[in-house]
Amino acid sequence: MIETMNKPATLIKPGQTIGILGGGQLGRMVILEGRKLGFHFITLDPAADCPGSQVADQHIAAPYDDPVAAQRLANAADMIVYEFENIDPTVVSALERQVHVPQGSRLLEITRHRLLEKQALTAAGIPVAPYVAVVTEADLHRGLTELGLPAVLKTTTGGYDGKGQWMLKTEQDVAALPKELFMQEQPLILEKFISFHKECSVVVARSIHGEVKAFPPSVNLHRHHILHMTVTPAPLAEGMSDKAVRLAERVAASLEVVGLVAVEMFALESGELLVNELAPRPHNSGHYTFDACLTSQFEQFVRAVIGLPLGPTELTSPSVMVNILGEHGEAFNQAYGTLPGNVKVHWYGKKEAKKGRKMGHVTVVDDLESAIAWIEASQIWPPLTEREKKVIYDK
Ligand SMILES: Nc1ncnc2c1ncn2[C@@H]1O[C@H](COP(=O)(O)OP(=O)(O)O)[C@@H](O)[C@H]1O
Ligand SMILES: [Mg+2]
């Protein structure tokens, strides 16, 4: 009896309402999984017909910084979470004073700001690419002297899918940078270009009770800075997957993450791992968990924030996830009626297909060779290049 009484409590129970800041596909998939557990959902997003609102119980169509809308969300929800990080942390900290916001505004403040994120990681002893903060043009030149070319200049906030980044290979690239970039309110960050062997990622859950559980690492292919393909189990050299998991768990613990943190890493030929970027929420590279793990990242997120024991994260099958962008839509529609049953489709319900816009994804639940063979034969996506094949097949 005493044992039962000492069991950690959940913050909310089935029948209660979770509010979500953001109504994109990540929120949508959190809702689809959270409904299974018996929760109601209310979303706040500027778009009336967004992927999240289509499956939520209620929706507030308003900008994130609208105080009246934020108050309506606080009144309607028993708990609030965020599903993307380009939200003003002051909005979240105001909500925090009224409602449970288990992820907290501090995690958002750090992970939405590349410089604070790098500083927090460095302070925790986590290896990252060498970087310098840049406010003036003189800072940039000092930074380039220190780091050398090639380098990557990034805005500290607001960037995603490679937006807000300038690759600097030559002095000409440096000279061609727009002058308006400098002396802005937010500094820029200059990073040494890392000639990585592979990019990999690990999604880790940490619950309100401090329980930590990682999903199996995956190797990711990007095309034009947008995630194209995620391969799991990660084709990495012996011992590297374990190392990636331990590193990601250290990140989750040192930042006292609640919910999920996706840890994007560069794996070097030498076996070294550098953390590139964090996301305090479900991540595109964890979509495979929906169809190829015992627990999905979306269910795990809900478990972590309400305080349920975390679910088992073992793989149930190898898989390859591929994103369907606006430009793949037509070929995908043509193939739709003949997609085999092990090609699991997730469609986000976005009205307008634009180039580079994530419309949906498929997870091919199969061994690597067969999954890749189907993907190539489908002709929905341009074929893999030799370099991409090496990333997928070489360890
Ligand atoms: N310092 C770097 N060295 C080499 N490649 C980089 C570096 N920083 C970013 N990239 C490449 O650009 C991609 C996007 O950069 P990232 O920092 O993850 O921003 P975001 O995903 O928010 O657009 C990375 O996945 C990687 O392929
Ligand atoms: Mg990234």
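Me: How do the residues lining the largest cavity divide into nonpolar, polar and charged?
Reply: This is a predicted model, and its largest cavity holds about 40 Å³ of space. The lining is made up of Ser201, Val202, Val203, Phe215, Pro216, Ser218, Ser285, Gly286 and Tyr288. Sorted by type, those residues come out as five nonpolar, four polar and no charged.

Me: Which strand gives the most to that lining?
Reply: A search of the whole structure turns up one cavity of 30 Å³ or more. Among the residues around the largest cavity are Ser201, Val202 and Val203. The top contributor, with three residues, is strand 9 (residues 198-206).

Me: Which residues act as protein donors for the magnesium ion (ligand 2)?
Reply: The donor atoms lie 2.1 to 2.8 Å from the ion, and Glu264 (OE) is listed twice among them. One of the residues sits in strand 13 (residues 259-267) and the other in strand 14 (residues 273-279), 13 residues apart. The names to look for are Glu264 and Glu277.

Me: Is Glu264 buried or exposed?
Reply: Buried means under 20% relative accessible area. Glu264 has 14% relative accessibility, so it counts as buried.

Me: Why is the pair of Phe290 and Phe298 called tilted?
Reply: The structure holds six aromatic pairs. Planes under 30 degrees apart count as stacked and those over 60 as edge-to-face, with the rest called tilted. The ring centres of Phe290 and Phe298 are 5.3 Å apart and their planes meet at 45°, so this pair is tilted.

Me: What kind of aromatic pair do Phe332 and Tyr336 form?
Reply: Phe332 is buried, at 2% relative accessible area, and ring pairs link it with Tyr336 and Trp347 into a cluster. For Phe332 and Tyr336, the centres are 5.9 Å apart and the angle between the planes is 70°, making the pair edge-to-face.

Me: How far apart are the C-alpha atoms of Phe298 and Ile31?
Reply: Phe298 belongs to helix 11 (residues 297-306), and it is buried with a relative accessible area of 0%. Along the chain, Phe298 and Ile31 are 267 residues apart, yet their C-alpha atoms are separated by 8.1 Å.

Me: Where do the buried residues of helix 3 fall, seen down its axis?
Reply: The buried residues of helix 3 (residues 67-76) are Ala69, Ala70, Leu73 and Ala74. Seen down the axis, they fall within an arc of 140°, so they line one face of the helix. Val68 and Asn75 are exposed on the other side, so the buried set keeps to that one face, an arc of 140°.

Me: Which residues are joined by cis peptide bonds?
Reply: Most peptide bonds are trans. Here, Pro150 is in the loop between helix 7 (137-147) and strand 6 (151-155), while Pro233 is in the loop between strand 12 (226-232) and helix 9 (240-254). With omega about -5° in one case and about 0° in the other, the cis bonds join Leu149 to Pro150 and Thr232 to Pro233.

Me: What is the phi of Gln379?
Reply: Most residues other than glycine have a negative phi. Gln379 is in the loop between helix 13 (368-378) and helix 14 (386-393), and it is exposed, at 66% relative accessible area. Although Gln379 is not a glycine, its phi is positive, about 60°.

Key
Residues are numbered from 1 along each chain as its sequence is written. Chains are lettered from A and ligands numbered from 1 in the order in which they are written. This is a predicted model: local features need pLDDT of at least 70, side-chain atom pairs count only at pLDDT 80 or more; totals for chains, interfaces and linings use all residues. Side-chain values use heavy atoms; hydrogens and water are left out. Donors are N, O and S atoms within 2.8 Å of the metal (3.2 Å for Na, K and Ca); water is not among the atoms, so sites may look incomplete. Helices (H or I, at least four residues) and strands (E, at least two) are DSSP runs, numbered from the N terminus. Buried means under 20% relative accessible area, exposed over 50%, partly exposed in between (1.4 Å probe, protein chains only). On a 1 Å grid over the protein atoms alone, a cavity is a set of points where a 1.4 Å probe fits but cannot get out, and a pocket is an open set with protein on both sides within 12 Å along at least five of seven lines; lining residues have an atom within 4 Å of a point. Grid points are joined across faces, edges and corners, and a volume is the space filled by probe spheres set on the points. Ala, Val, Leu, Ile, Met, Phe, Trp, Tyr, Cys and Pro count as nonpolar, Asp, Glu, Lys and Arg as charged, and the others, Gly among them, as polar. Rings of Phe, Tyr and Trp (its six-membered ring) pair if their centres lie within 6.5 Å; planes under 30 degrees apart count as stacked, over 60 as edge-to-face and the rest as tilted. The arc is that of the directions from the helix axis to the C-beta atoms.
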